[in-house]
Amino acid sequence: MSTIALLSLVGGLVLLVGGGELLVRGATSLAHSIGMSALVVGLTVVSFATSAPELAVSTGAALSGYPGLAIGNVVGSNIANIFLILGIGALIAPLIVKSQIIRTDIPIMIGFSLLLLVVALDGSISRINGIVLVVMLLIYLAVTVTATRRSTNGEEHVSADAAPAPDTWPDGGTSSRGKQAAMSTLLVVIGVGLLVAGAQLLVNGATSIAAAFGLSDLVIGLTVVAIGTSLPELATAVIAVRKGEVDLAVGNVVGSNIFNIGAVLGITAVIAPEGIDVSPGAVGFDIPIMIAVALVLLPVAFTGLAVARWEGGVFVAFYGAYLGYLVLDATDHDALEPFGATMMWFVIPITAFWLVLLAAHEGRKRLARRRESVRT
């Protein structure tokens, strides 16, 4: 059993890396061919693609009678996407955060997180709740794509006099663009297929190992499965950052968190016979942690409009501490109480205080620059 699990882990990792490479190439090329920015493609096409493993795992878990795994998968994946994925990406290279994300998409991600807590307060996500989540996601997508197309059309209108006629474009003009879009879409589809297969292999192997240690389905969903289904985002982010497509990496993480709540939990609640049961532990601890993690990203992105390397290191360290707490809690270890007290009364308040200071310092700097520009 251990050999099969190990082979599943290795095979899944190989497929994830290959799928991430194809997905980034296809999505980047698709953005150029259809006139959309890499940021918006990351927020929409790539986000939905890399959320496919979460959708497959959560629906399967809910239909198989493991609701804790379904909710734990999404909540754990959203925490991992910010702390682990963005943290590792920032360690490779500082992540420049676009002002568009600060103004709209990060607050929307926080709003979806709060909405999940509200609908889960009664201990379940009903079919009606699922429909509301899906509808909210569709509205978000429609507004995002429409706003982007308007912006693109405005830019094209301004530069219309300088643009060559379609029949003078190189490589066949409009026909070439159509072929490029088709090939890019094919790469995205193949990449998604490899990502889903790789994540499934990795999750199967890791779940077998975790179950052998007697962990609950909620803890397995929050840890092993969450990390496994977040590996497509990790592969996409690392490859995108190394290729200089930082917009794609950041947009993918923020968009994936929105898709995980709106699409994955929404669709799962709709197709599950009795919706998704949510344990008191998830409502009282894990979902609030997910909201807190989402809130952390806002001031970090606000200060300097970038996630710096040291901030990435803090993200990864906190994710390790979070996993440590879950494991200690699941095994009822003697170190749980002092570890939890340290996190609650020292690390978290100090970090929150530091983030507030950074935000205030950056705000004063911007105010000073604005006053200086008015004087000149």
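**Figure 1. Ile287 and the residues around it.** Leaving out residues up to four places away in sequence, Ile287 touches Val75, Leu116, Leu117, Ala120, Val278 and Ala282. This view, like the others here, comes from a predicted model. Ile287 is also among the residues with the most contacts inside the largest nonpolar core, alongside Ile82, Leu116 and Ile125. Leu116 therefore deserves a second look: Leu116 is one of the partners that Ile287 touches, and Leu116 is named among the best-connected members of the core as well.

**Figure 2. Two separate nonpolar cores.** The largest nonpolar core is built from 71 residues. Helix H9 gives the most to this core, contributing 13 residues. A second core, separate from the largest one, has nine residues, and Ala62, Ala70, Ile220 and Val225 are among them. As background, nonpolar side chains in soluble globular proteins tend to be buried together.

**Figure 3. Helix H3 packed against helix H9.** Here helix H3 (residues 52–63) meets helix H9 (residues 246–271), with an angle of about 30 degrees between them and their axes 9 Å apart. Because angles under 35 degrees count as roughly parallel, H3 is roughly parallel to H9. The crossing of these two helices is right-handed. On the H3 side, look for Glu54, Leu55, Ser58, Thr59, Ala62 and Leu63; on the H9 side, the contact is made by Asn260, Ala263, Val264, Ile267, Thr268 and Ile271. Sorted by class, this contact has seven nonpolar residues, four polar ones and one charged one. Ala62, on the H3 side of the contact, also belongs to the second nonpolar core.

**Figure 4. Val250, a buried residue of helix H9.** Val250 sits in helix H9. Is Val250 buried or exposed? With a relative accessibility of 5%, Val250 counts as buried, since the cut-off for buried is under 20%. Val307 lies 57 residues from Val250 along the chain, and the C-alpha atoms of the two are separated by 9.8 Å.

**Figure 5. Val238 of helix H8 and its partners.** Val238 is part of helix H8 (residues 217–242). Setting aside neighbours within four places in sequence, Val238 is in contact with Ile88 and Ile92. Val238 and Ile92 are 146 residues apart in sequence, yet their C-alpha atoms are 7.8 Å apart in space.

**Figure 6. The whole chain, for orientation.** The protein chain has 12 helices and four strands. Of its 376 residues, 47% count as buried. Among contacts between residues at least 6 apart in sequence, 84% join residues at least 24 apart.

Definitions and conventions: Residues are numbered from 1 along each chain as its sequence is written. This is a predicted model: local features need pLDDT of at least 70, side-chain atom pairs count only at pLDDT 80 or more; totals for chains, interfaces and linings use all residues. Side-chain values use heavy atoms; hydrogens and water are left out. Axes are lines fitted to C-alpha atoms, for helices over the stretch in contact, and angles run from 0 to 180 degrees between N-to-C directions. Angles under 35 degrees count as roughly parallel, over 145 as roughly antiparallel, 65 to 115 as roughly perpendicular and the rest as oblique. A crossing is left-handed if the near helix is turned anticlockwise from the far one by less than a right angle, and right-handed if clockwise. Contact means heavy atoms within 4.5 Å. Ala, Val, Leu, Ile, Met, Phe, Trp, Tyr, Cys and Pro count as nonpolar, Asp, Glu, Lys and Arg as charged, and the others, Gly among them, as polar. A nonpolar core is a set of buried Ala, Val, Leu, Ile, Met, Phe, Trp, Tyr and Cys residues joined through side-chain atoms within 4.5 Å. Buried means under 20% relative accessible area, exposed over 50%, partly exposed in between (1.4 Å probe, protein chains only).
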